[in-house]
Amino acid sequence: MALIVIAEDEFLIAEVLTIMLEDAGHQVEAAGHGLAALSLVQEKRPDLVITDFMMPLMTGLELAKVMRADNELSSIPIILVSGAQAGVGRSHPEFFDAVLAKPYVESQILRAVDAALTGRDWR
Amino acid sequence: MQSLPRISSGVDGLDQILGGGFIEGASYIIQGQPGAGKTILSNHVAFANVKAGRKVLYVTLLAETHDRLFQVLGTLDFFDRNQLGVSVSYVSVFQTLRDSGLSAVVQLLRKEIARQGATLLVFDGLLNARDQATTALDVKTFVAEVQSQAAFVGCSVLFLTSARFADDSPEHTMVDGVVELHEEVVGVRSVRRLQVKKSRGSAALGGLHQFEITSAGLTVYPRLEAALQRPSFNDEEPPSRQLPSGVDGFDELIGGGLAESSVTLVFGPSGSGKTSLGLGFINRASAEEPALLFGFYETPTRIRAKARALGLDLDRLVDEGHLEIIWKPMTENLLDKLGHQLLQAVRHRKVRRLLIDGLGGFERAALHRPRMTEFFTALTNELRSIGVTTVATWELRDLFGPTVTAPGAEISSLIDNLFLLRHVEDEARYTKALSILKVRDSSFNPAAHEVNFGNKGLAVGVPLKPVANAATGLAIPYSS
């Protein structure tokens with residue numbers, strides 16, 4: 001069981017993702033935008049962060065940049081999940097451990113989560 | 001008089017209706033039932049502004065995911081996936097609203113507008129905000145706060161809602177403009193119409209304007225009689241030049257030809273030679289006098305074949321670019337779209353000779369027939385003002401009949417020249433006969449003449465043998 005923070009502004013996606021991860025035995029904390037997610041990460045020190053790209057106040061890319069620049073947070077794996085900006089995410093392998101294009105299926109995200117938690121290549 | 005700075009909507013026809021576009025820093029409510037086209041409209045406006053170098057913030061309170069929205073937008077020409085997250089950001093504030101309320105959403109929007117440097121904010125889901133509010137006052141306050149904060153940084157706001165706010169609702173009193181989109185069924189067809197219900201700071205074109213949604217996004221067709229209340233050019237001294245009609249033997253009867261910039265109506269029953277007369281007119285097309293045939297009945301191929309059979313070489317004129325043939329089958333046409341397309345085609349090629357075959361095609365497209373007089377007034381005034389000489393046909397319903405009805409008294413008075421073609425039966429033979437009923441500001445030969453097909457199109461022949469009731473087609477020989 002791991003503690004996972006989700007940064008996702010679209011509540012439908014956030015809720016489905018939360019249920020999937022909880023069913024897989026994880027503990028989940030969700031935030032509606034990047035800035036709220038950063039506070040959660042600083043407070044909870046999760047094992048993994050799953051983030052959307054386009055969000056209010058702080059994008060997923062900005063969130064990853066801040067975390068990577070922070071010694072305390074830089075080792076937390078980050079998965080980017082995005083429809084439109086998956087390509088942008090892939091061009092920044094230094095920020096993201098994995099990039100998933102929306103829409104994704106449950107098995108894909110769970111495989112990526114397992115791989116990120118164990119330090120394996122998720123593909 | 002000072003005019004307010006505006007941003008173009010990027011939607012064809014809409015800027016004209018709004019009096020020049022959306023006002024910079026102003027707020028608008030875009031309302032309409034689900035499926036009315038609000039989302040397409042606002043995304044069209046968003047991407048047009050992105051193209052103009054602006055930043056756009058698109059905020060939703062909807063259950064539909066953004067990726068689903070992008071899938072739909074992906075079928076439209078204006079959508080540019082590469083701009084997502086770069087010049088246009090789609091964010092959902094649903095969780096902020098649910099967890100922290102409307103005032104938190106206002107705070108978030110203020111920060112987000114500044115962060116993105118947005119000059120256009122689209123807020124999709126005002127109805128959802130209303131659901132969340134405990135009193136009507138909350139939404140009013142919300143709208144007021146969002147728009148005042150946006151105005152401070154010169155950001156225009158479009159609030160989208162499927163609620164039908166009453167005209168005196170607090171939301172309406174707050175915003176600078178209200179645009180309502182309808183899709184309704186008229187008879188058996190459906191039609192989309194747009195109405196500007198409020199426009200602060202400028203006169204909008206009132207009433208209902210037809211629009212359509214295609215892969216090009218939204219196109220609005222301002223009601224012609226509203227858009228062209230006065231023609232584009234002032235009426236100067238009427239030109240004295242006359243154009244040859246292209247029909248042998250005809251010009252002598254009408255004082256030398258058709259006055260330049262005049263409108264002529266040729267009416268008569270089916271098969272009486274109306275189109276043939278018109279084809280003679282456009283057969284005189286040249287580099288100096290480009291021609292356009294705007295027709296509803298025959299396809300361009302059939303028109304060209306018909307002209308060949310009459311000994312007229314339209315093929316060469318088309319090949320040389322002196323003649324364009326536009327065919328609008330009389331299926332589901334939109335009246336104002338037809339009017340704008342006609343004028344656009346005329347302006348584009350600086351058309352001097354125009355044949356409309358026939359006016360009935362416009363009338364059939366009208367959902368509200370009583371406006372035809374105003375529509376034709378606007379259309380013919382505009383054609384005259386841009387120097388087009390027009391010949392239009394009008395089909396009489398009855399091949400023969402005791403009464404000859406001109407196409408409405410009002411319409412006839414909009415016309416400069418009025419010619420009637422009839423089949424006249426005389427001694428078991430049918431003869432085509434042409435009568436001149438009106439030539440504006442000129443004397444004309446009042447005798448009915450036979451017309452026949454010469455080797456170069458329709459030609460006017462000898463005066464008709466004196467009979468009574470020739471105009472009805474039911475001629476009676478004068479008793480000797």
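What follows is a chat between two people about a predicted model with chains A and B.

Colleague: Before we start, what pLDDT do local features need in this predicted model?
Modeller: Residues are numbered from 1 along each chain as its sequence is written, while chains are lettered from A and ligands numbered from 1 in the order in which they are written. Side-chain atom pairs count only at pLDDT 80 or more, totals for chains, interfaces and linings use all residues, and local features in this predicted model need pLDDT of at least 70.

Colleague: OK, chain A. In what order do its elements run from the N terminus on?
Modeller: Helices (H or I, at least four residues) and strands (E, at least two) are DSSP runs, numbered from the N terminus. Chain A has five helices and five strands. From the N terminus on, the elements go β-α-β-α-β-α-β-α-β-α.

Colleague: And what is the strand order in the open sheet of chain A?
Modeller: Two strands pair if DSSP finds at least two bridges between them. In chain A, β1 (residues 3-7) runs parallel to β2, with five bridges joining them. β1(A) and β3(A) also pair in the parallel sense, over four bridges, and β3(A) and β4(A) do so over three bridges. With parallel pairing, the five strands of the open sheet in chain A take the order β2-β1-β3-β4-β5.

Colleague: Which strands sit at the edges of that sheet?
Modeller: An edge strand pairs on one side only. In chain A the edge strands are β2 (27-31) and β5 (98-101).

Colleague: Pick out some registers for me. Which residue is the bridge partner of A7(A) in β3(A)?
Modeller: For β1 against β2, V5(A) has E29(A) as its bridge partner in β2(A). Across from β3, V49(A) stands opposite I78(A) in β4(A). For A7(A), the bridge partner in β3(A) is T51(A).

Colleague: At what angle does helix α5 of chain A run to β5(A)?
Modeller: Axes are lines fitted to C-alpha atoms, for helices over the stretch in contact, and angles run from 0 to 180 degrees between N-to-C directions. Helix α3 (residues 60-69) of chain A lies across β1, β3 (48-51) and β4 (78-82), at about 170 degrees to β4(A). Helix α5 (residues 106-118) of chain A lies across β3, β4 and β5, and its angle to β5(A) is about 175 degrees.

Colleague: Why does A31(A) count as buried?
Modeller: A residue is buried if 20 or more other C-beta atoms lie within 10 Å of its own, exposed if 12 or fewer, and partly exposed in between, with C-beta atoms placed from the backbone. A31(A) lies in strand β2 of chain A. Two residues are in contact if their C-beta atoms, placed from the backbone, lie within 7 Å; not counting residues up to four places away in sequence, A31(A) touches V5(A), I6(A), A7(A), A36(A), A37(A) and L40(A). A31(A) is buried because the number of other C-beta atoms within 10 Å is 25.

Colleague: Which residues of β3(A) are buried on its two faces?
Modeller: Both faces of β3(A) are covered. On one side the buried residues are L48(A) and I50(A), and on the other they are V49(A) and T51(A).

Colleague: What radius of gyration does chain A have?
Modeller: The radius of gyration is taken over C-alpha atoms, and the globule rule is 2.2 Å times the number of residues to the power 0.38. Along its principal axes the C-alpha trace of chain A spans about 30 × 30 × 30 Å. With 123 residues, a compact globule would come out near 14 Å, which agrees with the value for chain A, 13 Å.

Colleague: Now chain B. How far apart are the C-alpha centres of its domain 1 and domain 2?
Modeller: Domain bounds come from an automatic or database domain assignment, which gives domain 1 (6-222) and domain 2 (242-477) in chain B. The C-alpha centres of the two domains lie apart by 46 Å.

Colleague: Where is L228(B), and which residues is L228(B) in contact with?
Modeller: L228(B) is found in the loop between α9 (224-227) and β12 (242-243) of chain B. L228(B) is buried, with 20 other C-beta atoms within 10 Å. Leaving aside neighbours within four places in sequence, the contacts of L228(B) are A378(B) and E382(B).

Colleague: Last one: how many residues of helix α10 of chain B are buried?
Modeller: Helix α10 (residues 274-282) of chain B is mostly covered. Among its buried residues are K274(B), L277(B) and F281(B). The count for α10(B) is nine of its nine residues.
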